[in-house]
Amino acid sequence: MFGSSRSRRGDIPSGQLFRAIGGGTWEYTGEAPTVAPEPHARLVRPGDPRTIKIISYDALTDTSLFERVS
């Protein structure tokens, strides 16, 4: 599973918007530095870059949790 996340994160361009299922919209700003062994993404609220969410790439690419906004 770790390897599959690693390949998917390169497919996400900076600025890509995601909508949380049942929640708000978030903007991908790049990889988040964490001590966790699996890679994480840094998301911010559009229009409010001080509101930050750190989430694993597996969760971000799980379509039952998030969907890309075109």
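This report describes a strand hairpin, a nonpolar core and one buried loop residue in a predicted model.

Strand S3, which covers residues 40–45, and strand S4, which covers residues 48–56, run antiparallel and are joined by six bridges. Where the two strands turn into one another, Arg45 stands opposite Asp48 in S4, and the hairpin has two residues between its strands, with Gly47 taking a positive phi near 85°.

The largest nonpolar core of the model has 12 residues, namely Ile12, Phe18, Ala20, Trp26, Tyr28, Ala41, Leu43, Ile55, Tyr57, Ala59, Leu60 and Phe66. Strands S1, S2 and S3 and helix H2 each supply at least two residues of this core, and the largest share, three residues, comes from H2. In soluble globular proteins, nonpolar side chains tend to be buried together.

Two residues, one from this core and one from a loop, are set side by side below with their contacts, leaving aside residues up to four places away in sequence.

| Residue | Contacts |
|---|---|
| Ala41 | Tyr28, Gly30, Ala32, Lys53, Ile54, Ile55, Tyr57 and Leu60 |
| Gln16 | Trp26, Glu27, Tyr28, Arg68 and Val69 |

Ala41 belongs to the core, and its contacts include the core residues Tyr28, Ile55, Tyr57 and Leu60. Gln16 lies in the loop between helix H1 (2–9) and strand S1, and this residue counts as buried because its relative accessible area is 15%, which falls under the 20% cut-off. Among the residues that Gln16 contacts are Trp26 and Tyr28, both of which are listed as members of the nonpolar core.

Definitions and conventions
Residues numbered from 1 in each chain as written. Predicted model: local features only at pLDDT ≥ 70, side-chain atom pairs only at ≥ 80, totals over all residues. Heavy atoms only, no water. Pairing = 2+ DSSP bridges. Helix = DSSP H or I, 4+ residues; strand = E, 2+ residues; numbered from the N terminus. Core = buried A, V, L, I, M, F, W, Y, C linked by side-chain atoms within 4.5 Å. Buried < 20%, exposed > 50% of the residue type's maximum accessible area, 1.4 Å probe, protein only. Contact = heavy atoms within 4.5 Å.
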